[in-house]
Amino acid sequence: KKIEAVSYDEKFLADITRIIEDHIADSELNVNALCELSGIGNKQVYRKVKQLTGLSPVEYIKNIRMKKACTLLKNGNMTAENIAASIGYPNVEHFSRTFKKKYHMTPIQYRESKN
């Protein structure tokens, strides 16, 4: 029998991250939805995510969404609207503001800086 080398914390974070990535386009994905999808209580999700990442679950979800946006901006010619929708931001202005706050440039400036 193979010994499991992954700690509970690593598995927890991997599972939470996978759930976020699997539901990234869902604008309804929030901490409550994350708890429901993971079957883990709200307090425990908050405590563990904060402990393991230094971010609240809300910030962690936003962080994963923004990283995905960067990948999409670098890799292709999707419009900002399509990228926003594909990471769960139905409102492109809200996406652009959130992106600019995090990276100090607009999504378009980011794409141009990476080419």
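# Close-ups of an all-helix chain

Buried residues account for 34% of the 115 residues in the protein chain. Keep in mind that this is a predicted model.

**View 1. The whole chain, with 7 helices and 0 strands.** Walk along the sequence and you get the pattern α-α-α-α-α-α-α. Taken along the principal axes, the C-alpha atoms fill a box of roughly 50 × 30 × 20 Å. Look at contacts in the chain with a separation of 6 or more, and 55% of them turn out to join residues 24 or more positions apart.

**View 2. The largest nonpolar core, with 29 residues.** As background, nonpolar side chains tend to be buried together in soluble globular proteins. Here, the residues with the most contacts inside the core are I16, I20, L34, I87, F95 and F99. Two or more residues come from each of α1, α2 (31-38), α3 (42-53), α4 (57-75), α5 (80-86) and α6 (92-103). The top contributor is α4, which gives 8 residues to this core.

**View 3. I87 and the residues it touches.** Zooming in on one of the core residues with the most contacts, which residues does I87 touch, not counting those up to four places away in sequence? The list runs to I24, A25, R65, M66, K68, A69, L72 and F95. F95, like I87, is on the list of residues with the most contacts inside the core.

**View 4. Where α1 meets α2.** The axes of these two helices come within 10 Å and cross at roughly 115 degrees. As for handedness, the crossing of α1 and α2 is right-handed. On the α1 side the contact is made by I16, I19 and I20, and on the α2 side by L34, L37 and S38. You may recognise I16, I20 and L34 from the core view, where they are among the residues with the most contacts.

**View 5. T17 in helix α1 and its link to Y60.** T17 sits in α1, which covers residues 8-22. Is T17 buried or exposed? T17 counts as buried because its relative accessible area is 15%, under the 20% cut-off. The side chains of T17 and Y60 are joined by a polar contact of 2.6 Å. Setting aside neighbours within four places in sequence, T17 is in contact with Y60 and I64.

**View 6. T98, a threonine in helix α6.** T98 has a relative accessibility of 11%, so this residue also counts as buried. Beyond residues up to four places away in sequence, T98 touches K62, M66 and Y89. M66 shows up among the residues touched by I87 as well.

**View 7. K50 in helix α3, a partly exposed lysine.** K50 has a relative accessible area of 35%. That value falls between the 20% and 50% cut-offs, so K50 is called partly exposed. Apart from neighbours within four places in sequence, K50 is in contact with L55, S56 and E59. How far is the C-alpha atom of K50 from that of F99? The two atoms are separated by 22 Å, and the residues are 49 apart along the chain.

**View 8. Two buried cysteines, C35 and C70.** C35 has a relative accessible area of 9%, so C35 is buried. C70 counts as buried too, at 7% relative accessibility. A disulfide is a covalent bond between the sulfur atoms of two cysteines. How many disulfides are there in this model? The count comes to 0.

Definitions and conventions: Residues are numbered from 1 along each chain as its sequence is written. This is a predicted model: local features need pLDDT of at least 70, side-chain atom pairs count only at pLDDT 80 or more; totals for chains, interfaces and linings use all residues. Side-chain values use heavy atoms; hydrogens and water are left out. Helices (H or I, at least four residues) and strands (E, at least two) are DSSP runs, numbered from the N terminus. Buried means under 20% relative accessible area, exposed over 50%, partly exposed in between (1.4 Å probe, protein chains only). A polar contact is a pair of N or O atoms within 3.5 Å; within protein, one must be able to donate a hydrogen and the other to accept it, and residues adjacent in sequence count only if both atoms are side-chain atoms. Contact means heavy atoms within 4.5 Å. A disulfide is a pair of cysteine sulfur atoms within 2.5 Å. A nonpolar core is a set of buried Ala, Val, Leu, Ile, Met, Phe, Trp, Tyr and Cys residues joined through side-chain atoms within 4.5 Å. Axes are lines fitted to C-alpha atoms, for helices over the stretch in contact, and angles run from 0 to 180 degrees between N-to-C directions. A crossing is left-handed if the near helix is turned anticlockwise from the far one by less than a right angle, and right-handed if clockwise.
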